[in-house]
Amino acid sequence: MIFGFLKERRRKQLKARPFPNEWLKIIKRRVTFFARLSAVDQAELLDHIQVFLAEKRFEGCAGLEINDEIRVTIAAQACLLLLRRRTDYFPRLVTILVYPSTYLVDEQRPTEGPVWEEGRMSRLGETGRTMGSMVLAWDAVKTGAADPSDGKNVVLHEFAHQLDYENLAADGTPSLVTRRQQLAWREVMRTEFASLRAADETGIPTLLDTYGATNPAEFFAVSVEAFFERPIMFRARHPRLYSELQHYFQQDPVEFSAERTKIVNKML
Ligand SMILES: [Zn+2]
């Protein structure tokens, strides 16, 4: 209790600090979705970034030197998942390991599939010991931040796993407030996961990355990517899943969607 109180007070102090202008410049340059948020959401995001950067440790790997550009670009995207909710700032995460590129990570530790899943594999494979760390490739972080509507975002993906771990189980279900919410979530997820699996097996094109057919945890992570990056299509094709995510995140990404502009441009 005391610890919780001190933590809250410390976080309040961090948020009260003036936001460094250099950091804001980085966000405006690197993180495209920022300009589309409302002024209220922007202010809340900056507050979260202050707390996030004070509490999380970054470590450069394979010769990469950590700088503010890297820290702020990662933090801004991760904190999008915290907006408008009561949050404990990804409590399971202590250290973020950043490699210069996907290629180098591959070279360092051979792995099948997308590189960022390496972090997931080690966390899932060795619960406890490596639970507190995450691996990100800086080049993938940058491309993810630059295009907010291609449906791919490694930071959103990895931090969605962190939300999933908040209740200790990597099962595609984050901490949900009410029993009713849990039941609705499970029912929708089960149906949607089964239909993605079926589509994957038959080769039907899907909006959700078929990597999500791997297991419910991956299903949640790819759903979060699509929810924030392609919300208009998502809502049209998976209205119930969209509504569960909207309820959980307390956000409606259609409001700040870059996809809208893309669709309109195509029509013209
Ligand atoms: Zn994953």
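Which residue of β3 does Thr95 stand opposite? Thr95 stands opposite Ser133 in that strand. The model is a predicted one, and the sections below go from its overall make-up to single residues.

## Overall make-up

The protein has 13 helices and 3 strands. Of its 268 residues, 50% count as buried. Among contacts between residues at least 6 apart in sequence, 71% join residues that are at least 24 apart.

## The sheet

The 3 strands form an open sheet with parallel pairing, in the order β1-β2-β3. Strands β1 (57-60) and β3 (133-137) are at the edges with a single partner strand each, so one side of each has no neighbour in the sheet. From one strand to the next, the twist averages 25 degrees.

Strand β2 covers residues 95-99 and is joined to β1 by 4 bridges, the two running parallel. Within this pair, Phe58 has Ile96 of β2 as its bridge partner. The pairing of β2 with β3 is also parallel and extends over 5 bridges. The Thr95 and Ser133 positions named at the outset belong to this part of the description.

## Surroundings of β3

Although β3 is an edge strand, 5 of its 5 residues are buried, so the rest of the structure largely encloses it. Both of its faces are covered. Ser133, Val135 and Ala137 are buried on one side, and Met134 and Leu136 are buried on the other.

Helix α8 (residues 154-165) lies across β2 and β3. The helix runs at about 170 degrees to β3.

## Helix α4

Helix α4 takes in residues 68-79. Its 12 residues should span 16 Å at 1.5 Å a residue, and the end C-alpha atoms are 16 Å apart, which agrees. At its N-terminal end, Asn67 acts as a cap: a side-chain oxygen of Asn67 lies 3.2 Å from the backbone nitrogen of Glu69.

Burial covers 11 of the 12 residues in α4. Among them are the charged or polar positions Glu69, Arg71, Thr73 and Gln77, together with Ile70, Val72 and Ile74.

Thr73 is one of the residues found in this helix. Its relative accessible area is 0%, so Thr73 is buried. Beyond its neighbours within four places in sequence, Thr73 is in contact with Ile26, Arg30, Val31, Asp68, Trp138, Val141 and Ala145.

## Asn153 and its contacts

Where is Asn153 placed relative to α7 and α8? Asn153 is in the loop between α7 (138-146) and α8. With a relative accessible area of 4%, Asn153 is buried.

The side chain of Asn153 has a polar contact with the side chain of Gln77 at 2.9 Å. Gln77 is itself one of the buried residues of α4. The side chain of Asn153 also reaches the backbone nitrogen of Val155, at 3.0 Å.

Leaving aside neighbours within four places in sequence, Asn153 is in contact with Gln77, Gly144, Ala145, Glu225 and Glu229. Ala145 also appears among the contacts of Thr73. Asn153 and Glu229 are 76 residues apart along the chain, and their C-alpha atoms are separated by 8.1 Å.

## Helix α10

Helix α10 spans residues 216-229 and has 14 residues. From its first C-alpha to its last it reaches 20 Å, close to the 20 Å expected at 1.5 Å a residue. The helix is mostly covered, with 13 of its 14 residues buried.

At the start of α10, a side-chain oxygen of Asn215 comes to within 3.1 Å of the backbone nitrogen of Ala217.

## Cysteines

How many disulfides does a search of the whole structure find? The search finds 0. A disulfide is a covalent bond between the sulfur atoms of two cysteines.

Buried cysteines include Cys61 and Cys79. Cys61 counts as buried because its relative accessibility is 12%, below the 20% cut-off. Cys79 has a relative accessibility of 0% and therefore counts as buried as well. Cys79 is listed among the buried residues of α4.

Conventions:
Residues numbered from 1 in each chain as written. Predicted model: local features only at pLDDT ≥ 70, side-chain atom pairs only at ≥ 80, totals over all residues. Heavy atoms only, no water. Expected span 1.5 Å × (residues − 1). Buried < 20%, exposed > 50% of the residue type's maximum accessible area, 1.4 Å probe, protein only. Polar contact = N/O pair within 3.5 Å; in protein donor to acceptor, adjacent residues only side chain to side chain. Pairing = 2+ DSSP bridges. Axes fitted to C-alpha atoms, helices over the stretch in contact; angles between N-to-C directions. Contact = heavy atoms within 4.5 Å. Disulfide = S-S within 2.5 Å.
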